[in-house]
Amino acid sequence: MSKKSTSAALPSSFEEAMAELEQLVARMEAGELPLEASVAAYKRGSELVKYCAAQLEKVDNQVKVLEGDMLKPFNADRAIEADE
């Protein structure tokens with residue numbers, strides 16, 4: 001017997017997760033969901049937020065590797081001086 005998962009499958013991409021999250025928020029804000037469905041939507045939204053945060057963390061780590069951990073805060077004054 002297979003065990004049925006209580007949560008939906010993770011999205012295939014960050015963009016897909018964000019789109020689903022936006023839809024959930026819009027439905028919740030519009031008051032379209034009964035109480036039990038709102039709780040389920042909130043739980044799903046939490047899962048999506050965690051997924052998105054993990055994806056962003058992975059990308060941040062990749063950028064740090066590509067930049068050799070030499071990332072520095074952007075300084076607008078220096079950028080203007082460099083253009084002159």
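**Close-up 1. The largest nonpolar core of the predicted model holds 8 residues.** Its members are A17, L21, L24, L33, A41, L48, Y51 and C52. Helices α1 (14-29) and α2 each supply at least two of these residues. Helix α2 gives the most to this core, with 4 residues.

**Close-up 2. L33 belongs to the core and also touches S38.** Leave out residues up to four places away in sequence. L33 then touches R27, M28, S38 and A41. One of these, A41, is a member of the largest nonpolar core too.

**Close-up 3. S38 sits in helix α2.** That helix covers residues 35-66. Is S38 buried or exposed? Its relative accessible area is 18%. The cut-off for buried is under 20%, so S38 counts as buried. Not counting residues up to four places away in sequence, S38 touches M28 and L33.

**Close-up 4. A polar atom of the S38 side chain faces the backbone oxygen of L33 at 3.4 Å.** The L33 partner in this pair is a backbone atom, while the S38 partner belongs to the side chain.

**Close-up 5. The whole protein chain is built from 3 helices and 0 strands.** From the N terminus on, the order is α-α-α. Of its 84 residues, 14% count as buried. The chain exposes about 7200 Å². Carbon and sulfur atoms supply 58% of that area. Now take the contacts with a separation of 6 or more: residues 24 or more positions apart account for 69% of them.

How values were computed. Residues are numbered from 1 along each chain as its sequence is written. This is a predicted model: local features need pLDDT of at least 70, side-chain atom pairs count only at pLDDT 80 or more; totals for chains, interfaces and linings use all residues. Side-chain values use heavy atoms; hydrogens and water are left out. Helices (H or I, at least four residues) and strands (E, at least two) are DSSP runs, numbered from the N terminus. Buried means under 20% relative accessible area, exposed over 50%, partly exposed in between (1.4 Å probe, protein chains only). A polar contact is a pair of N or O atoms within 3.5 Å; within protein, one must be able to donate a hydrogen and the other to accept it, and residues adjacent in sequence count only if both atoms are side-chain atoms. Contact means heavy atoms within 4.5 Å. Accessible areas come from the Shrake-Rupley method with a 1.4 Å probe; for residues, only the protein chains shown count as cover. A nonpolar core is a set of buried Ala, Val, Leu, Ile, Met, Phe, Trp, Tyr and Cys residues joined through side-chain atoms within 4.5 Å.
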